[in-house]
Amino acid sequence: MQLKLPFHWLKDDGEGIREAGELCNFTYLFSVNQSGGNLSSEKINIDAVDPQEFLLRRLVRGDDRVQLDSNGFSCRADVHTQVCVANKPVRIYYKGLTVYVPSDSDQPQVKRIVKPYARLEDETAMKRVSPVQILHGKNTIDPPACNFTHNVTAVVFSSKGFTGNVFHEFNEIIIPLFITTRHFRSRVRFVITDFELWWVQKYNRCLSHLSAYEVINPGTDDGSVHCFPGAVIGLTYHDNLALNSTDIPGGYSMFDFKQFLKESYNLKINHVSEIQKPMLMLISRRKTRRFLNEDKMVEMIMELGFQITRVEPEWMYNLDEFAEVVNSCSVMLGAHGAGLTNEIFLPTGAVMVQVVPLQNEWVATTYYGGPAKEMGVRYLEYKIEPEESSLFDTYGKDHPVFTDPKSIISKGYNAFRSVYLDQDLKINLERFKKTLIEAKQIVESSTPIN
C-alpha cells in the first residue's frame with residue numbers, strides 16, 4: 001500500500017508520536033505508544049474533518065480536549081497565563097471587549113474574565129492589561145448581530161504588559177504567539193487589545209509571517225461586532241525564552257523558532273564559521289549596570305583580535321535592521337539586562353558573554369544563560385568581584401550589602417532592584433581577558449554540524 005504524507009502537522013496529539021497518511025478519502029493515523037512501542041491505527045474520513053476545528057483541538061489536551069469536543073469551548077489557566085479556545089462560531093463585540101460563545105446545550109450562560117497576556121503571576125504587568133469578557137452558554141437574550149464576518153480563527157492577545165522591554169516582548173508575546181499559532185500556517189487573524197502601534201510596527205515581520213491578514217485594533221472600533229468561525233483568547237507560555245517541543249502542535253523547537261526569525265528578518269548567516277574575522281557586539285548601557293571603564297574594555301577587545309561594534313539601546317528599536325547586525329556577530333557581550341535577549345538572532349555556534357553583577361546570579365542564568373543552549377549559542381559568564389562593583393565604594397566592604405545580602409533581598413523586589421540592579425561595573429581587565437580569549441577560541445574552532 002502506498003501512503004502519502006501531506007499533513008506534517010499531524011505529529012503529536014499528546015498521547016504518542018503520530019504521522020498521517022492519506023489513501024483516497026481517508027487519513028490513517030499511525031500511533032506509536034511511547035511506553036510500550038505498540039503500533040496502532042485509526043481511520044478518519046478527512047472529508048468530515050474541519051481543518052480549523054482540528055487545529056484548534058490540537059491546542060488542548062486531556063480534560064480540556066474532552067470539554068472542547070463536548071461543548072465547543074474550554075479554558076485553562078496556570079501560574080503564567082490563561083487560554084480559552086472556541087471551535088465554533090463566535091462574535092466579538094469590540095467596544096466592550098466581549099466574546100460571545102454559543103452553546104448547543106441548555107446550560108446557563110457563564111461569564112469568564114481573561115487578561116490575554118502571559119505574565120499572570122506579575123501583578124504590576126497585569127494591571128496594564130485590559131480584561132476580555134467571555135460569555136459562554138445559552139443566551140438569555142440574543143447576542144448582537146454580525147457587522148463583519150471573517151473566515152479564519154481569531155487570536156486575541158494584549159500588546160501591553162511589560163512591552164517596552166525587549167525581553168518581555170519576546171518572552172510574553174512573540175514566543176507564545178509562535179507556540180500558539182505557527183501550526184495554523186497563517187490562517188489566523190490577530191485581534192490585539194491594548195493596541196500599541198509602535199509595538200506592531202516593531203514586530204511587523206513576525207506578525208506578518210504568522211498571519212496572512214492585517215491585525216485588528218479593537219480600540220479604534222465604533223462598537224461593531226466581528227464574527228469568526230473560532231477563537232483563541234490568550235497565548236500559551238512555556239518558560240523564559242523557551243519552547244517545549246513536546247507541548248506544541250507540530251512539535252516546534254527553539255531551532256524552529258530561530259528558523260522562523262531567519263525567514264522573517266531575512267538573516268543570511270547560519271553558522272558562526274561563516275564570519276571571516278571574529279566580530280564582537282558590546283551592549284553599552286546608559287542608566288544602570290554601566291561599564292565604567294568601557295573605553296578600556298574596547299581597547300583590550302580590539303587588541304585580542306576582535307572587530308567590535310558598540311551598540312546602545314536606541315539601536316534596538318529598529319528590529320528590522322538590528323536583527324541583521326546581531327546575526328553578523330560572533331560574540332555578544334553585555335551586563336545582565338534585556339539587551340541580551342537579542343542573543344536569539346546570533347548565528348549557531350556564536351558566544352554570548354554575560355557579565356553578572358553582584359547577587360544577579362540566579363536571574364542571569366534563568367533569563368539568558370539557560371535559554372542560550374537551546375538557541376545553539378555557547379554561553380560564558382563573568383561574575384564580578386565586590387571590588388568591581390560601584391556598591392563597594394558606596395557602602396564599603398563591611399556593609400550588609402556584602403556581608404548579609406539576604407537581609408536586603410528579604411525586603412522584596414524593590415529593595416533588591418534599588419541596590420543590586422542599579423549598580424555599575426568597573427571590570428578587572430586582566431581577569432576579564434581570560435573570558436574573552438575563551439570566547440575567541442570557541443568561535444574560531446566552531447564547525448557546523450549537518
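Helices and strands here are DSSP runs, with helices needing at least four residues and strands at least two, numbered from the N terminus. On that basis, Ser 103 sits in the loop that links strand 7 (98-101) with strand 8 (110-114). The model is a predicted one, and Ser 103 makes a handy place to start reading it.

Loop or not, Ser 103 is covered: its relative accessibility is 15%, and buried means under 20%, so Ser 103 counts as buried. Leaving aside residues up to four places away in sequence, Ser 103 touches Lys 88, His 136, Gly 137 and Lys 138.

The two strands that flank this loop both belong to an open sheet of six strands. Reading across, the order is 8-9-7-6-13-10, and the pairing is mixed. Strand 8 and strand 10 (148-149) are the edges, each pairing on one side only. As a general point, strands of a sheet pair through backbone hydrogen bonds, either parallel or antiparallel. Within this sheet, strand 6 (residues 90-93) and strand 7 run antiparallel and are joined by three bridges. Across that pair, Tyr 93 stands opposite Thr 98 of strand 7.

Strand 5 (residues 82-86) comes next. Five of its five residues are buried, so to speak of it as mostly covered is fair by the under 20% cut-off. Gln 82, Cys 84 and Ala 86 point one way from strand 5, while Val 83 and Val 85 point the other way, and all of them are buried. Strand 5 has pairing with two strands to report. With strand 4 (residues 73-77), strand 5 runs antiparallel through five bridges, and a hairpin of four residues makes the connection from strand 4 to strand 5. In that pairing, Arg 76 stands opposite Val 83 of strand 5. With strand 14 (residues 231-233), strand 5 is again antiparallel, this time through three bridges, and Ala 86 stands opposite Ala 231 in strand 14.

Over to the helices, and to helix 15 (residues 429-445). Its 17 residues reach 24 Å from first C-alpha to last, close to the 24 Å expected at 1.5 Å a residue. The buried residues of helix 15 are Phe 432, Thr 435, Leu 436, Ala 439, Lys 440, Ile 442 and Val 443. Viewed down the helix axis, these buried residues fall within an arc of 160°, so they line one face of helix 15. Turned away from that buried side are the exposed residues Glu 430, Lys 434, Glu 444 and Ser 445.

What do the buried residues of helix 15 pack against? Their partners are helix 8 (294-303) plus a set of strands: strand 15 (279-283), strand 17 (331-335), strand 18 (351-356) and strand 19 (378-383). At the N-terminal end, helix 15 is capped by Asn 428, with a side-chain oxygen lying 3.3 Å from the backbone nitrogen of Glu 430.

Zooming out to the whole chain, the secondary structure adds up to 15 helices and 19 strands. Of the 450 residues, 52% count as buried. The chain exposes about 21,400 Å², and carbon and sulfur atoms supply 49% of that area. As for contacts between residues at least 6 apart in sequence, 70% join residues at least 24 apart.

Note on methods
Residues numbered from 1 in each chain as written. Predicted model: local features only at pLDDT ≥ 70, side-chain atom pairs only at ≥ 80, totals over all residues. Heavy atoms only, no water. Buried < 20%, exposed > 50% of the residue type's maximum accessible area, 1.4 Å probe, protein only. Contact = heavy atoms within 4.5 Å. Areas by Shrake-Rupley, 256 points an atom, 1.4 Å probe, with all protein chains shown as cover. Expected span 1.5 Å × (residues − 1). Arc of directions from axis to C-beta. Polar contact = N/O pair within 3.5 Å; in protein donor to acceptor, adjacent residues only side chain to side chain. Pairing = 2+ DSSP bridges.
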